[in-house]
Amino acid sequence: MNSCGVSLTTAVLAFGDEAKKMAAGKASGDSQEESFTLTLEERQALGGMDSRLFGFVRLHEDGARSKTLLGKAIRCYESLILKAEGKVDSNLFCQLGHFNLLLEDYSKALSAYQRYYSLQDDYWKNAAFLYGLGLVYFYYNAFHWAIKAFQDVLYIDPSFCRAKEIHLRLGLMFKVNTDYRSSLKHFQLALIDCNPCTLSSAEIQFHIAHLHETQRKYHSAKEAYEQLLQTENLPAQVKATVLQQLGWMHHNMDLVGDKATKESYAIQYLQKSLEADPNSGQSWYFLGRCYSSIGKVQDAFISYRQSIDKSEASADTWCSIGVLYQQQNQPMDALQAYICAVQLDHGHAAAWMDLGTLYESCNQPQDAIKCYLNATRSKHCSNTSTLAARIKFLQAQLCNLPQSSLQNKTKLLPSIEEAWSLPIPAELTSRQGAMNTAQQGLHKSQSSCLSGTTEEQLLFSTGCAQYHQATSTGFKKQNEHLTLCSNSGPQKVADSHLPSHIATSNGQQGIIFTKESKPSKHRSLVPETSRHTGDTSNGSADVNGLSNHVHHTIADVVSGPNHGVSPNLLISDNPQLSALLIGKASDSMGTGTCDKVNNIRPTVHTKTDNSVVSLPSSAISTATSSPKSTEQTSTNSVTSLNSSHSGLHTVNGEGLENSQSSTKIDLPLVSHRSACQIIPSMSVSICPSSAEVLKACRNLGKNGLFNSCISLDKCPPPRPPTSPYPPLPKDKLNPPTPSIYLENKRDAFFPPLHQFCTNPKNPVTVIRGLAGALKLDLGLFSTKTLVEANNEHMVEVRTQLLQPSDENWDPTGTKKIWRCESNRSHTTIAKYAQYQASSFQESLREENEKRTQHKDHSDNESTTSENSGRRKKGPFKTIKFGTNIDLSDNKKWKLQLHELTKLPAFVRVVSAGNLLSHVGHTILGMNTVQLYMKVPGSRTPGHQENNNFCSVNINIGPGDCEWFVVPEDYWGVLNDFCEKNNLNFLMSSWWPNLEDLYEANVPVYRFIQRPGDLVWINAGTVHWVQAVGWCNNIAWNVGPLTACQYKLAVERYEWNKFQSVKSLVPMVHLSWNMARNIKVSDPKLFEMIK
């Protein structure tokens, strides 16, 4: 299989012949036709050009000839297509897409690729097409489809010559989607790949270090950054950025000593960063924050001024300046700064909160309420409930005051409407006019900066109205805490600077971009800025949007709830401000909507003024936000991955030579046609000769990789199944669980029991009373016996939140989510047994206290029900779940393992009819027994078993477990839900929302597993489990000799490979062992193995 489908040279030659025939047929137009004909030399040069050259050609420097040739080829192809009247070889569209991609005309490239996709049935065999399509989707920020296209490439051709570029982009996109595990994997794969790449190894190492920081693994991040600083010949910009990261981390995190020590380290790192890059506005800003935290006000002002001079103004800078003024008791100057901040970013929650605090301190509650309302409307506001309570408090105060006192009161500050509408200072107008031509989304009067004190007026005039740049993301300020005024009661409103613009989880919204569409000549480095904020430990690094995004401006400040403020509080003469204050978007906001590139063949997208606009190719940045991240963010910009030209790697405009990636490509001499060929390894007959085997194996294993596909070559890359049709009626969505009740040993060994369990129509079977029927001694698996047997045996511990089994709330208890938080650690059986016992005793004490309280308050049932409902939403108690305890050692656990031989053959750990017994080696937890030690609330998140094998689970007791089960047919629906919630179906921890499943017509079996019950999970069944009481469970996998089991195992093997996840079961090896060792009677299974 050729990765380009039909080779480019063949198609170009065919094109030349067709063009000549057309030219010959029109004598009157010979001269015109000649201009649409490619010479032999041109055809040969074009034969080496496709999407694989993207990023490795320099069309904007010394590649004028190549650029001219591509332009001519495009005109020729378009002319031929028009004249052919629809009867065109589909490969012409594919080449047209490649050529437009190399010229960075993404809309035309997408259109051509779409036509090729619609015309070519086996498009998925063309790796160059899939790679080009992925690059276009990547450019348009359609990460969902870009990821799928890139995964298709790696699936059909693991040794693809641009695999390193793919891994790099996948790492960035998964980072945006907060799938940090996958992101790290792809960054590491990119790092070990020796092929040329548009990023240097140092830049990739930076992303790995920043990934640790994003996950709040600050000590690991610190070590990685410091190790990177030891690299020889580290580029100045990389060095500056690493030092900036280290400085900001020391400022926010308790990495060293007391506050004075850590601030000293932070300032030293930031000063060194500025030595390496004096023009970094972000480093100046961070330095100002550090000076502010230790009380060096003048130094802080100077640093903020430098930040504005170097990188234009940002809302964060002005907000921090406002805090400094407020601390210095200069309310008018503080007002000016805050107004500048909210005009730059209407959704800057921290600035609105600080502005509200300022108005409160000046006894202007009406203006304070308006500011607090705007803060609550921002989706980045983390303390909405506190602000809502504050608003109600102020409204109550206003209701109690006579109207005359409000009218006669002298105001210390202009009202919010007056401050917003004041004219722009003269010093600002010249810069403002220039900015307005390139930016959009703000009102003409938006940069209102009141004239400040004479000493600081110049500071304000330098940039209070500058817009957010494409690479700037808001983040919260942390160290300047201002309490409310004395009449505000005991509550305090935190003035933390929340992220002003964090990319939303799907990576496609929430970022402000410039309209600039022409790529710059230089590639900017990795992170221009990277900031996480806050002195708390639960922040996230936030890197702002990859450079090829669907770009649009947003005004998310207007999306908040209505708190029922009286209408007269919201009146404003300024229509834009009115829109903000009443929570509705104004037309002048210019909130462009982006047409989502949402299919592998979506409608053609063209760049318009307010929808699809491109960043400069020098400013690629990635946005990542953790599920908890309203606390802390950081920004990074990465090198351009969208420019089809490279050469000298530059960092913020400075040249940086790189031995790997600065290789100049001489187009006429380069041809990749033979670089990515895949010979169909399984297209030979079932009984091949040695010559055929050698032919099929030749050229495999390039770059240390080969394609171990079990499926035939005619099969396209795997896809999750769609939801079964027709959908089930609502009354069928809670089906009864298939259950078998055993009375004696004969029942357990009755053959129809095996047939019933393995029937694909039964996704789960509960065998009740198994232990009693077989006289199993479950006491051998009790906590007491385990401690006596091996008290120092290792236990993996998962720290979780105690929640109702049918709900899953975020840690704040404000909304239901799919992500299931679970932190990993280790202990011993003895220590966990102590925890299990103390948890039980503590529960008894709590139960006794509740009974006492119930007697005292038995007449107040409504209060009790209200409290119980409130408890569901937190704060949640933390519990520990002992999981994955290995019982494979026959010497340590001889008695326990021998007891399990009493089970029927089809559920035993080892048996001739168990596929996993033929693997030939141990797979922990699959063909060995694992133990789980639980307290109430312990959760096993949603999953399918490894490689879709069946599972056996026995509850030891004494407590029960609650199970939730979804048939295998619906795993594609759950996969879609995981993707929507930025979760990896295979690798992430997730707990389904039952309401979502009900709306999607997904049936859910729900049942209780009592002590002694065996639960049989059939092949591919999705399930999740929560302990109701204190109990232990044992579990393992089995593989029945059925066609259904083998088919699902192979499908999952291929899906795992598609997702770059290692399968625990080596299906190729297992298939050979089955063919060698087992006499198969099932014709379907025989054909599949064969």
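Throughout this tour, a residue is called buried when its relative accessible area is under 20%, exposed when it is over 50%, and partly exposed in between, using a 1.4 Å probe and counting protein chains only. This is a predicted model, where local features need pLDDT of at least 70, side-chain atom pairs count only at pLDDT 80 or more, and totals for chains, interfaces and linings use all residues. Residues are numbered from 1 along each chain as its sequence is written, and side-chain values use heavy atoms, with hydrogens and water left out.

**The whole chain**

Start with everything shown as a cartoon. You should find 39 helices and 17 strands; these are DSSP runs numbered from the N terminus, with helices (H or I) of at least four residues and strands (E) of at least two. Of the protein's 1090 residues, 58% count as buried. Now switch on the surface: its accessible area is about 44,700 Å², and carbon and sulfur atoms make up 52% of that (Shrake-Rupley method, 1.4 Å probe; for residues, only the protein chains shown count as cover). A contact here means heavy atoms within 4.5 Å. Among contacts with a separation of 6 or more, 80% join residues 24 or more positions apart.

**Stop 1: the annotated repeats**

Select residues 90-123, 127-160 and 315-348, where an unreviewed UniProt entry places the feature "repeat: TPR". UniProt positions are given in the numbering used here, feature names are shortened, and annotations may be inferred rather than shown by experiment. Residues 90-123 are 79% helix and 0% strand, with end C-alpha atoms 10 Å apart. Residues 315-348 are also 79% helix and 0% strand, and their end C-alpha atoms lie 7 Å apart.

**Stop 2: helix H12 and the loop after it**

Next, select residues 218-229, which form helix H12. Its 12 residues reach 16 Å from first C-alpha to last, close to the 16 Å expected at 1.5 Å a residue; the expected span is 1.5 Å times one less than the number of residues. Which residues of H12 are buried? Colour Tyr-218, Ala-221, Lys-222, Tyr-225 and Leu-228 to see them. They cover an arc of only 130 degrees around the axis, which puts them on the same side of H12; the arc is that of the directions from the helix axis to the C-beta atoms. An α-helix has 3.6 residues a turn, so residues three or four places apart point the same way. Turn the view around, and the face away from the buried side carries the exposed residues Glu-223 and Gln-227. On the buried side, the packing partners are helix H11 (201-214) and helix H13 (236-252).

Step into the loop between H12 and H13 and pick Thr-231. Thr-231 is partly exposed, at 32% relative accessible area. Its side chain reaches the backbone oxygen of Leu-228 at 2.8 Å. Thr-231 and Ala-202 are 29 residues apart in sequence, yet 8.1 Å apart in space, C-alpha to C-alpha.

**Stop 3: helices H13 and H14**

Move on to His-250 in helix H13. Is His-250 buried or exposed? It is buried, with a relative accessible area of 1%. Beyond its neighbours within four places in sequence, His-250 is in contact with several residues, including Lys-222, Leu-255, Tyr-265 and Tyr-269.

Then pick Ala-276 in helix H14 (residues 259-276). Ala-276 is partly exposed, at 25% relative accessibility. Leaving aside neighbours within four places in sequence, Ala-276 is in contact with Ala-236 and Ala-240.

**Stop 4: Asn-927**

Jump to the loop between helix H34 (894-899) and strand S10 (930-934), where you will find Asn-927. At 13% relative accessibility, Asn-927 counts as buried. The side chain of Asn-927 reaches the backbone oxygen of His-921 at 3.0 Å, and one of its polar atoms lies 3.3 Å from the backbone oxygen of Leu-916.

**Last stop: helix H37**

Finish with residues 1043-1058, helix H37. Its 16 residues should span 22 Å at 1.5 Å a residue, and the end C-alpha atoms are 22 Å apart, which agrees. H37 is mostly covered, with 12 of its 16 residues buried; among them are Tyr-1046, Arg-1052, Trp-1055 and Phe-1058. Show the surroundings to see what the buried residues pack against, including helix H8 (143-156), strand S12 (950-958) and helix H38 (1067-1077). Just after H37 comes Ser-1060, whose phi is positive, near 60 degrees.

Terms used: Polar contact = N/O pair within 3.5 Å; in protein donor to acceptor, adjacent residues only side chain to side chain.
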